[in-house]
Amino acid sequence: MISPKIDQKNIERAKELIEGADRITIICHTGPDGDAIGSSLAAAHVLSAIGKDAKVVVPDSFMANLRELPGAKEIVDAAKYYDFAVKLLNDTDLILCLDFNAPNRTGRLSQVLAQSHAPKILTDHHLDPDIEADVIISHPEMPATAYLLFRFICRLELFNFIDKAAAECILAGMMTDTGNFSYNCNDPELYIVVAELLRKGADKEKLNIMLFDTFSASCLRLNAYAILRKMELLPEVNGAIIPLSREELNRFHYTRGDTEGLVNRPLAIPNVNFSVFMRQESDCIRVSMRSRGNFPVNILCSDYFGGGGHLNAAGGEFYGTLDEAVAHFKEKLPEIRKRFIDNK
């Protein structure tokens, strides 16, 4: 048994909304990761099993290794099929918002989502939800939205409708947002859920290979180059930074997901408590940060890059050149030292 974390009033209202909806559209954040895709697909599997017309819409494309998850081929990518995605959001009876805390996190679909008159259920584990929804199930203490979704499904009394496909999608979300249970993973009930998913038929060994041990030759070369040539240690703040330009990414035939996990690599170095990865995109510099212990990268991303996230995993953006982004961050190092190291 796992403890009932979700408020009963939210469960009762969510039941009403789901029972009264024939068509349900599921949406997650832009640049969807394993937790976003895994939880979205799991929700679609369970809702379809109870007779609902459930569709998953994503703002843009997702990593190739996630395309092997059950049901991934049915996902509507708004970057390719924008009009169809808009139609689904406009014509639906209910919108299930997963793994984001504000409409702007859905990118090109944010305005459509905000203007939709369909009732909404938010299920998410990010801080400070800022969205108009009929039901808000927000638990930042949960390590993954997929984990929270499993609890939500159980509280809806739909546990028996979790089949092998749904179980694998939930487990994939949990694995990716905990680094294969290497961080944010000290909740004992997390492993009770894992056991239940394995009993449902989820193949953790297969998922491990698919999610963490499958790389192209170009991907391996890119990551080796990033560590050898671009990683810079910042001993004054016990940190590290890896910036990659678009030219460097193109040199190694970069595709989405090739740098997944790169930001974590410097944390293997003793005395490196946080790591920064900057990747040049066509419109901005994407910033990812990871940390260990109590170092709050969510505050760094919020204060310096207009983003946010969790204590140990956060992100943001910088509008300018890559060199300017690096300089902007390095200018903050004395402040970071004073705020988070000297005054610790």
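**Figure 1. Surroundings of proline 296 in the predicted model****.** Setting aside neighbours within four places in sequence, proline 296 contacts Leu311 and Phe340. The residue belongs to the loop that lies between β10 (285-291) and α11 (297-305). Proline 296 counts as buried because its relative accessibility is 11%, under the 20% cut-off. Between the C-alpha atoms of proline 296 and glycine 31 there is a separation of 23 Å, the two residues being 265 apart along the chain.

**Figure 2. The open sheet with mixed pairing and the helices in contact with it****.** Six strands are arranged in the order β7-β8-β9-β10-β12-β11. The edges are formed by β7 (232-234) and β11 (308-309); each has a single partner strand, so one side of each is without a neighbour in the sheet. Strands β8 (residues 239-244) and β9 (residues 274-280) run parallel and are joined by 6 bridges. Opposite isoleucine 242 stands phenylalanine 277 of β9. Helix α11 packs on this sheet through β9, β10, β11 and β12 (313-318), and its direction makes about 10° with that of β12. Helix α12 (residues 322-331) lies across β7, β8, β9, β10 and β12 and runs at about 160° to β9.

**Figure 3. The open sheet with parallel pairing and the packing of α1 and α5****.** The order of the 6 strands is β3-β2-β1-β4-β5-β6. Strands β3 (76-77) and β6 (135-138) are the edge strands, each pairing on one side only. Between β4 (residues 94-98) and β5 (residues 120-124), which run parallel, there are 4 bridges. Leucine 96 is placed opposite isoleucine 121 of β5. Helix α1 (residues 8-19) packs on the sheet and touches β1 (23-27), β4, β5 and β6, with its direction at about 125° to that of β6. Helix α5 likewise packs on the sheet, where it touches β4, β5 and β6; the direction of α5 makes about 125° with that of β5.

**Figure 4. Packing of helix α5 against helix α7****.** The axes of α5 (residues 145-155) and α7 (residues 188-199) are 11 Å apart and meet at an angle of about 70°, so α5 is roughly perpendicular to α7. Helix α5 contributes Tyr147, Phe150 and Arg151 to the contact, and α7 contributes Glu189, Leu190, Val193, Glu196 and Leu197. By class, this contact has 5 nonpolar, 3 charged and no polar residues. Of the 11 residues of α5, 9 are buried, so the helix is largely enclosed by the rest of the structure. The buried residues of α5 include Tyr147, Phe150 and Arg151, as well as Phe152. Glutamate 157, which follows α5, has a positive phi, near 65°.

**Figure 5. Nonpolar cores and the contacts of phenylalanine 152****.** In soluble globular proteins, nonpolar side chains tend to be buried together. The largest nonpolar core comprises 62 residues, of which Ile26, Leu69, Ile121, Phe152, Ile170, Met174 and Leu197 touch the most other members. Not counting residues up to four places away in sequence, phenylalanine 152 touches Ile6, Ile11, Ala14, Ile121, Thr123 and Ile137. Another core, of 24 residues, lies apart from the largest one; Val276, Met278, Cys301 and Ala314 are among its members.

Conventions: Residues numbered from 1 in each chain as written. Predicted model: local features only at pLDDT ≥ 70, side-chain atom pairs only at ≥ 80, totals over all residues. Heavy atoms only, no water. Axes fitted to C-alpha atoms, helices over the stretch in contact; angles between N-to-C directions. Helix = DSSP H or I, 4+ residues; strand = E, 2+ residues; numbered from the N terminus. Parallel < 35°, antiparallel > 145°, perpendicular 65-115°, else oblique. Contact = heavy atoms within 4.5 Å. Nonpolar A, V, L, I, M, F, W, Y, C, P; charged D, E, K, R; others polar. Buried < 20%, exposed > 50% of the residue type's maximum accessible area, 1.4 Å probe, protein only. Pairing = 2+ DSSP bridges. Core = buried A, V, L, I, M, F, W, Y, C linked by side-chain atoms within 4.5 Å.
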